[in-house]
Amino acid sequence: MKAPRRLFGCKICFSRPELQLEKFCDIFLFGRRGHLFDYSSAVVIYEMCVHEPMATVQNVRNQEKLKYPPYPLSTVELQKRASRCCRMSSEHTMKVAEELYQAGFISYPRTETDSFSPNTDLHAIVREQVDHPDWGTYAQRLLNPEERLWRNPSNGGHDDKAHPPIHPTKFSTGENNWSPDHKKVYELVVRHFLACCSQPAVGAETTVEVDIAGEQFNASGRVVLAKNYLDVYRYDSWGGSLLPTYTIGQQFVPTSLTLDSGVTRPPPLLAEADLLSCMDKAGIGTDATMHEHIKKLLDRCYATKDANSRFSPTNLGEALVMGYDEMGYELWKPYLRAMMEADMKSVSVGTKSKAQVLEGCLQQMKACFLDARANKVKLLDAMGTFFARSNRPINETQNTIEVVRPCGACNDSEMLLKRRPNGGFMVGCRGFPQCRNVVWLPGSLAEAAVTQQICPTCVPGPVYKIQFKFNRRDIPPSFDVDHLGCIGGCDDVLKELTEMSRFQHHNQTTTPARSQSQTQTTSTSGVRQGAPRQDLPTGSRSTGQFANQHTPAVNPQGRGQSQTPSAVGVRQGTPRQDLHTVFRTASQFANEQQTPGVNPQGFRSTHTGLTQNSRNASSSGAGQVLCTTCGEACINRTANTEANRGRKFYKCQNPGCGFFVWEDELDNVA
């Protein structure tokens, strides 16, 4: 995407008090020169005009202009105009049109024909509409020869030899079972038919060119002399500013002379009507299937559509395009689909056989599939560029989310109550990962639900209170199990329980567990093992990997009990995998100055699964990091997500391996 550029231009305004046009003025802009991108040049021209402000009329052109009515209505044109004029999707438009057709109010809505047969009695169709309260008067004028309003419809050049253009077949002022969309589609069909049988609108266009200090300026105006079909076809507009009469050689001093500036703008997002035009031009789909293609595009989340019916690509859509592009395919372009449509049309006209087309299509698709499966890593890399890495289990179901308060960090989204993969609760920003604002709730929570009660103290509001239910065994007896609290900072009870939860978690992760009946067995890493968790990856090392290292087990409490180092450095039990624990023997830490996996503050590192060999390979300038799981050399990538754009990371080349580490965290792993 090109960056916007600054542009400049002179504008002169001239009001005509003698013509009682004080509220209006004629605006003259640069003519042949147009806009300038160089500010100094624009200032020079502006100063020249200021010093010699007398304007002289050089040329006046008057010419008649015609605005022709539309061609008879085809399916594609119906979808485009319903999208543009009625704000209806193409899929919904066809659904409503089908219902009107089945009820007998309009002709068959799936047709490519945009020209009426000479045998069609168009006057009879118009005659049925003369009693309508909205367009009945115009239909009467259309049938009156003295009005000279009738004109046979133009030929659009398309005829499918099966169905006529879409037109009304039965009069109605609106049925009881009609929805507003039924009325809109029926009105569009009737007004379009009446318009295509009408004379074009007639207008007079005036262009005035003036000279100031050798610079040419011009102004244009238009006045509609006869609206004709525009009287009934309210979906089209035509007009412009009205210019008074100027004569060649006339001189005047501008009322104002200004130097305006602006910026170049990119084209707007593609509207549904524009997309239908592009599909029709490229030969994608038929009049009966185009709306289904667009619906699939939205259903598969390749793009989104806003309230103005304009499309924006999603991260998934962009990732697919990038992945296919890296494979050397142009599957995201219309060529393959257009070729299939052309082949099917050839079958219908008899130039190709069905078996021939089917065989060629299947071979082409099979080759694409096999090649894409062999190069799936390129597609996965493209996905990693547009999506943040997540450790969420694949089989996790989505939970109901509830709005708690506006986000005070990004000021652009809401904070939502969410359930974490481990069963706990949190309040996080909807804009994640762009916004990482989060409030961690106590681990002793069993249930949480947002209420409609608003905290009168906390800002920015509204801040909705949450009904909490705690596990009795995890909170002191002095606290109630049920508590209506606020996360805005005013709730002392919630603060205290949160601190207790953090303290308990700290003790569990830094203090070895003690047995009441047995001699305590401690771990050099200070982590007890418990029920298995798999929300974070685990690294492991074999016994004897560090044969020359020896560090005796230490009792953090400094008690004098007999200490028996474990063979793996932790108390024996069911292994936990949520802390990236690296299992080592007690004799493996001779040359390490601190307990691996625990930083000086006593908190467990989240990247202790990175091997020393990997760190050495990175720091030695070799540019190679080894995977701790399969031992393969990792590849270096650059993230493109909003939160980590430009940040480099390492990942295993094996698609089935989940190893991942940020490059800037390699030095912090030791």
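The chain exposes about 38,100 Å², of which carbon and sulfur atoms supply 50%; accessible areas come from the Shrake-Rupley method with a 1.4 Å probe, and for residues only the protein chains shown count as cover. The model is predicted, so to speak of its local features requires pLDDT of at least 70, and side-chain atom pairs count only at pLDDT 80 or more, while totals for chains, interfaces and linings use all residues. Residues are numbered from 1 along each chain as its sequence is written, and side-chain values use heavy atoms, with hydrogens and water left out.

Of the 670 residues in the chain, 39% are buried, where buried stands for under 20% relative accessible area, exposed for over 50%, and partly exposed for what lies in between (1.4 Å probe, protein chains only). The chain holds 14 helices and 19 strands; these are DSSP runs numbered from the N terminus, with helices (H or I) of at least four residues and strands (E) of at least two. Among contacts with a separation of 6 or more, 65% join residues 24 or more positions apart, a contact being heavy atoms within 4.5 Å.

Strand β4 (201-212) makes a good starting point. Because 10 of its 12 residues are buried, β4 is largely enclosed by the rest of the structure. Strand β3 (residues 55-67) pairs with β4 in the antiparallel sense over 11 bridges, and V60 stands opposite V208 in β4. Two strands pair if DSSP finds at least two bridges between them. β4 also pairs with β5 (215-226), again antiparallel and over 11 bridges, with T207 opposite S220 in β5. β4 and β5 form a hairpin with two residues between them. In the turn, A213 has a positive phi of about 55° and counts as buried at 17% relative accessibility.

R87 offers a companion case: this residue is not a glycine, yet its phi is positive, at about 55°. R87 sits in the loop between α2 (75-86) and α3, and is exposed, with a relative accessible area of 53%.

Helix α2 also meets helix α6 (residues 180-196): their axes come within 11 Å and cross at roughly 115°. Axes here are lines fitted to C-alpha atoms, for helices over the stretch in contact, and angles run from 0 to 180 degrees between N-to-C directions. L78, R81, A82 and C86 in α2 meet K184, L188, V189 and H192 in α6.

T113 lies in the loop between α3 (90-102) and α4 (122-127) and, at 2% relative accessibility, counts as buried. Its side chain makes a polar contact with the side chain of D160 at 2.7 Å; a polar contact is a pair of N or O atoms within 3.5 Å, where within protein one must be able to donate a hydrogen and the other to accept it, and residues adjacent in sequence count only if both atoms are side-chain atoms. A polar atom of the T113 side chain also lies 2.8 Å from the backbone oxygen of H163. Leaving aside residues up to four places away in sequence, T113 touches several residues, including L73, S74, H158 and P165.

Further along the chain, three strands form an open antiparallel sheet in the order β17-β18-β19. β17 (634-638) and β19 (660-662) stand at the edges with a single partner strand each, so one side of each is left without a neighbour in the sheet. The twist averages 25° from one strand to the next. β18 (residues 648-652) pairs with β19 over three bridges, and K651 stands opposite F660 in β19.
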